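Let's take a walk through this model together, one chain and one contact at a time. Have the viewer open and follow along.

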Amino acid sequence: METALTGLVGLFYAVSIYMMLSKHIIRVLLGIAIFGNAVNMTIFTAGRVLREVPPIIAEGRTALDGVTANPLPQALILTAIVISFSFFAFLLVLAYRAYQELGTDNTDEMRIAEPEGEGLPPLGY
Amino acid sequence: MAAETSVPVDTSAAFVLGVTSLIDWAVIAPVALPILGGALLLMVRHRTRLHAAVAFAVLAATFAACLVLLWRVMGEGTQVMTMGRWLPPYGITFQADMLGAAFATTATFATTAAAVFALRDINATGRRYGFYPFLLLMIAGVNGAFLTGDIFNLYVWFEVFVISSFGLLILGSERRQIDGAVKYAVLNLIATTVFLITTGYLYGVFGTLNMADIARKADGLRESGPLMTIATLYLLAFGMKAAAFPLNFWLPASYHTPRIVTSAMFGGLLTKVGVYALLRTFTTLFPVERAVLSDVIAVVAVLTMVLGVLGALAQTDIRRTIGFVVISGIGTMLAGLAIGSPLALSGTVLYAIHSILIMTALYLLAGLMREAGGSFSLHELGGLYRSHPLLAAMMLALMLAAAGLPPLSGLWPKVMLVKAAIEGQAWWLTGAILLSSVLTTIVLGRVFALSFWRPQQALATPADTRPIDPIAGYGTVLVLLVPAVWIGLWPEPFLRIAETAAAGLADPGSYIGSVFSAQGGS
Amino acid sequence: MQTVIFRTAAPYLASLMVLFSVFVLLRGHNEPGGGFIGGLIAASAFAIYGIACGVAPVRRAMYFHPMAIAGFGLFLSAAAGLLSLAMGVPFLTGLWTKVYLPGVTIDLSSVMFFDFGVYFVVVGAITSIALALEEREED
């Protein structure tokens, strides 16, 4: 199971990095969305895929019986999902504003903050 | 509820059963107080008159908590608090050693100074937009990163301050801010995601996220686990956060776009969190891997130092100049990490403390120069020496400090780093540190010569100038200069802090012991 | 999105979803559910209402600004953690108590208030982002 998931994770990374290499912000954002999912899958796989038994201690007992699912990766993934989701939402708004204000979604043409041909500072006075 | 139905369970193996006294809360207070304050300000976001007052009260309380923490750490060693009573490694541990406590104290101090500067720099619109809440949440994230003892929690605090920094970065929504924010946001997101990937791998290998536990288990797993891969990925992730060459291009693209007080906090604090994370992972967790990677780190350090300051030479806008000087300073700190001896590490720690103060002060001073001279451009500034002599004195002091010349704070860490580099037979690292100091002197000396000594320029728009406020203007930079002069003239207390911090880094035994002795003790 | 059917149904749908979100929030105490997922359901309710009737009615209906709601949630969560200050246990320790009302016994815990805080943070933050995006589409 881990092997299949590993292959899937690799595919996710390949797709997301290819998308993020684009000049266009919207593709970069889609790449980032896939990147976040790839990470979640990585954590999930790294936490080992165990039995689909919830790790809940039965009533009247003090320890788990047998093998159960590992709850920690799921907690980590939930945290990561929340963060990447809010990040992605922010980036969407930001990219939309950038498209409105700067009139382009091509990162090569976003040169307001770093104007081209700025020239050298004064070399003497 | 379980206690009703079953026999009472002996929980001493799972819980901290000792009583947590009030003073133990100093470990968590530098994080909890700003979060509470930030949340409160978000709730009353329209009452902008309240914002500054509440923010100052919270920052003062946070700084006091940091001082208490520092005092406790100096007296009793590493302080530990585990969330929710669960014994480590199960609960998330907050763990303040000398390194974290010193950095948190310095960061809170610099932020407080910046918050005073913001009284004038941020108008009512900016406050309504949420400048002070974001500021408090950012310092909560920064302090949390410095104080946490759990590597996934470190990731969470990274995200807390990154998200708050977005809010600060686009305050005002100018076109250039949005342009800068797009690059800052995307590249920082990728950096933290790489951090998360690596933490996933780390969890897969170690089965634990507590940093002391990882350090304890690293020796046993070195043969079987891919620790080298994990360490290299951390170098990539934190190097990107710290703006180390060749991953530094987001910094000069964005740090000059926001309000100057925001730039000051970013330049002072955020890159240092990356440096802190590098120090923590490469000395406490992976010392063997650090030794293997030391050549790589050294090359990165030299390139960051020299190319950073060369970039500064080519800039017209003084904010961008300072941005490149920040990058160059990161290279100097990485040099200490590359050498790795206790002397080098204490040099790095002291340099980081110095850098938090001086880089914040430099940006704030740039803001004052803008108020006095009406521009950030070296083409337009001029004649400030005649009109603002105090400003000139402060600029000179900051130039000396940033370049590492006596009698200010930059001298001693650079002396320590140079000495450590000579002892470590790394001559080219020595050369690079000295070369970057010379070039920094030239860069800031030229800013001084052009904007202060040169006669006033006809290009300048005098209508854009305004008088400098004595407290929110001069006062903030002077306050930041006080510890800088102190480090320069009487460095012993700071040296002792830096040496204790470096000793704790070089020998993680005490860091591990402070967490796991609690199990047997209380 | 301005069809009559949708505009008529949206308020009922939204109020039903908010009710459901509270159910999910409370259910999360011992079963799947909880503050985050409940908050997302409530936020999507406001988003649907916004798509159907415009952003201004949503802001009026919410009364408080979404960011203020998020701030309240953050404050509630942090304060729930700080309750343990009074009990002499570390930050964020779960504290339990029972309230006896005529006929019923209610278990109260700091964990629950933390979860309420999460709910408000998610409602506030996600709604403010959703409304910001919807506002852009109008102009």
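What pattern does chain C follow, read along the sequence? The pattern is α-α-α-α-α-β-β-α. That comes to six helices and two strands, where helices (H or I, at least four residues) and strands (E, at least two) are DSSP runs, numbered from the N terminus.

A word on bookkeeping before going on. This is a predicted model, in which local features need pLDDT of at least 70 and side-chain atom pairs count only at pLDDT 80 or more, while totals for chains, interfaces and linings use all residues. Residues are numbered from 1 along each chain as its sequence is written, and chains are lettered from A and ligands numbered from 1 in the order in which they are written.

Back to chain C. Its C-alpha trace spans about 55 × 30 × 25 Å along its principal axes. Of its 139 residues, 42% count as buried; a residue is buried if 20 or more other C-beta atoms lie within 10 Å of its own, exposed if 12 or fewer, and partly exposed in between, with C-beta atoms placed from the backbone. Now look at who touches whom: two residues are in contact if their C-beta atoms, placed from the backbone, lie within 7 Å. Among contacts in chain C between residues at least 6 apart in sequence, 69% join residues at least 24 apart.

Find helix H1 of chain C, residues 4–27. How far should its 24 residues span? At 1.5 Å a residue (times one less than the number of residues), the answer is 34 Å, and the end C-alpha atoms are 35 Å apart, which agrees. Still, H1(C) has a kink of about 35° at Ala10(C), shortly before the proline Pro11(C). The bend at a residue is the angle between axes fitted to the seven residues ending there and the seven starting there. As for what is tucked away, the buried residues of H1(C) are Ala14(C), Ser21(C), Val24(C) and Leu25(C). An α-helix has 3.6 residues a turn, so residues three or four places apart point the same way.

One of those, Ser21(C), leads to the next stop. Leaving aside residues up to four places away in sequence, Ala42(C) touches Met17(C), Val18(C), Ser21(C) and Val123(C). You'll find Ala42(C) in helix H2 of chain C, residues 35–53. Is Ala42(C) buried or exposed? Ala42(C) counts as buried because it has 26 C-beta neighbours inside 10 Å.

Next, the contacts between chains. Chain C and chain B meet through 18 residues from each chain: 18 from chain C and 18 from chain B. On the chain C side, helix H4 (residues 66–82) gives the most, with nine residues. By class, that side has 13 nonpolar, five polar and no charged residues. Here Ala, Val, Leu, Ile, Met, Phe, Trp, Tyr, Cys and Pro count as nonpolar, Asp, Glu, Lys and Arg as charged, and the others, Gly among them, as polar.

Chain B also touches chain A, with 35 residues of chain B in contact with 37 residues of chain A. Which element of chain B gives the most to that side? It's H8(B), with 17 residues. The residues on the chain B side divide into 19 nonpolar, eleven polar and five charged.

Staying in chain B, pick out helix H17 (residues 389–403) and helix H19 (residues 427–453), which pack at an angle of about 170° with their axes 8 Å apart. Axes are lines fitted to C-alpha atoms, for helices over the stretch in contact, and angles run from 0 to 180 degrees between N-to-C directions. H17(B) and H19(B) are therefore roughly antiparallel to each other (under 35 degrees counts as roughly parallel, over 145 as roughly antiparallel, 65 to 115 as roughly perpendicular and the rest as oblique). The residues of this contact divide into nine nonpolar, four polar and no charged.

Finally, a few backbone oddities in the loops of chain B. A cis peptide bond, with omega about 0°, joins Phe245(B) and Pro246(B), and Pro246(B) sits in the loop between H10 and H11. That loop also holds Ala243(B), which has a positive phi of about 65° although it is not a glycine. With 29 C-beta neighbours inside 10 Å, Ala243(B) counts as buried. Gln425(B), in the loop between H18 and H19, has a positive phi of about 60° although it is not a glycine, but Gln425(B) counts as exposed, with 9 C-beta neighbours inside 10 Å.
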